[in-house]
Amino acid sequence: MKKLSKKERERIDEIIRRLIERYGGESRTYLEHNNAWQLLFATILSAQCTDARVNIVTKDLFRKYKTLEDFAGADLKEMEKDIYSTGFYHNKAKNIIACARMLLSEYGGEVPKELEKLIVLPGVGRKTANVVRGNIFDIPSIVVDTHVKRISKKLGITTTEDPVKAEFELMEVLPESVWIIWNLDVIALGREICVAGTPKCDRCFLADVCPSCKG
DNA sequence: CTCCCGATAT
DNA sequence: ATATCAGGAG
């Protein structure tokens, strides 16, 4: 970890402590799934879509397509209808089918745990890959989604809008034990209080340790 | 950088 | 009417 001033180290540790106190310190994804490839597909579907919507769609989707072979053999147009309400449905349907086929042809139907293997799967970037690594394989992983990008910067813990740079900045400052928790708890904070539009700083439990809070 | 895109909140 | 949502690819 990067060497910080004692004061800054204590500030970040206090933020972590309060996040865990409020939202929990255990790894638990918001996307419902029963196995690795289901979480992979759910995460692909979650691009620019609420996870509440994804969970509605995957409930029926995983009942209709029960195996990887079912996904690999799916009809594109029918899959587009099945996932329509998540948006970006053409790209997502195409990617999920291609992804299923690659998992079968390249990895014997198993989801690989290596970042380099995950990010070359169709529709899978660093964010999706790190969700799978953290939640399925318990590998410490920083997941930079829209909430983590926005709130980490507001808290003065990151200095950039670039998700990859933010990922490495967070790895330098957060202990490995909270990498996954940071993502999940910051999402919770982003929904309840530090919303994208007008953040509710007046009732934020991090107000006194957040440089973006004026009050 | 642009494009992909429906559902929901404001 | 506009902004935003567990982003990724060209």
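Me: Helices (H or I, at least four residues) and strands (E, at least two) are DSSP runs, numbered from the N terminus. Which helix gives the most to the surface near DNA strand C?

Reply: H11 does, with four residues. A residue is near a strand if one of its heavy atoms lies within 4 Å of it. Some ground rules on the model come next. This is a predicted model, where local features need pLDDT of at least 70, side-chain atom pairs count only at pLDDT 80 or more, and totals for chains, interfaces and linings use all residues. Residues are numbered from 1 along each chain as its sequence is written, chains are lettered from A and ligands numbered from 1 in the order in which they are written, and side-chain values use heavy atoms, with hydrogens and water left out.

Me: OK. How many residues surround DNA strand C, and which are closest?

Reply: 27 residues surround it, with Thr29, Thr128, His147, Arg150 and Asn183 the closest.

Me: What share of the strand C atoms within 4 Å of the protein is sugar or phosphate?

Reply: Sugar or phosphate makes up 62%, and bases make up the rest.

Me: Which atom of Asn183 comes 2.8 Å from a base nitrogen of DNA strand C?

Reply: An N or O atom in the Asn183 side chain. That fits the polar contact cut-off, a pair of N or O atoms within 3.5 Å; within protein, one must be able to donate a hydrogen and the other to accept it, and residues adjacent in sequence count only if both atoms are side-chain atoms. Backbone atoms take part too. Val124 has a backbone N or O atom 3.4 Å from a phosphate oxygen of strand C. For Ser46, a backbone N or O atom is 3.5 Å from a phosphate oxygen of that strand.

Me: Which elements give two or more residues to that surface?

Reply: Helix H8 (126-135), helix H9 (146-154) and H11. By class, the surface has 11 nonpolar, 10 polar and six charged residues. Here Ala, Val, Leu, Ile, Met, Phe, Trp, Tyr, Cys and Pro count as nonpolar, Asp, Glu, Lys and Arg as charged, and the others, Gly among them, as polar.

Me: Switching strands. Which residues surround DNA strand B?

Reply: Gln48, Arg53, Tyr84, Ser85, Gly87, Phe88, Tyr89, His90 and Asn91. Sugar and phosphate account for 57% of the strand B atoms that come within 4 Å of the protein.

Me: Where does the largest share of that surface come from?

Reply: From helix H6 (residues 89-107), with three residues. The classes split into three nonpolar, five polar and one charged.

Me: What does His90 do there?

Reply: A polar backbone atom of His90 is 2.8 Å from a phosphate oxygen of strand B. Asn91 has a backbone N or O atom 3.4 Å from a phosphate oxygen. Phe88 puts a backbone N or O atom 3.1 Å from a sugar or linking oxygen.

Me: Now domains. Where are the bounds in chain A?

Reply: Domain 1 is 6-27 + 142-209, and domain 2 is 36-137. These bounds come from an automatic or database domain assignment. The domain centres, over C-alpha atoms, are 27 Å apart.

Me: How many residues are in contact between them?

Reply: 10 residues of domain 1 contact seven of domain 2, where contact means heavy atoms within 4.5 Å. The buried area is about 670 Å², with carbon and sulfur atoms giving 49%. That is the accessible area (1.4 Å probe) the two parts lose on being put together, summed over both.

Me: How many salt bridges between domain 1 and domain 2?

Reply: Two. The rule is a side-chain nitrogen of Lys or Arg within 4 Å of a carboxyl oxygen of Asp or Glu. Arg126 and Glu167 meet in a salt bridge at 2.8 Å, N to O. On the domain 1 side that touches domain 2, helix H10 (163-173) and helix H11 (179-192) each supply at least two residues. H10 gives the most, with three residues.

Me: And how many salt bridges overall?

Reply: The count comes to 15. Another pair is Arg191 and Asp51, at 2.2 Å, N to O. Arg191 lies in H11 and Asp51 in helix H3 (residues 51-64), so the pair ties together parts 140 residues apart in sequence.

Me: Last one. What does Cys204 touch?

Reply: Leu189 and Ile193, not counting residues up to four places away in sequence. Cys204 is in the segment after H11. Its C-alpha atom is 7.6 Å from that of Cys194, 10 residues apart along the chain.
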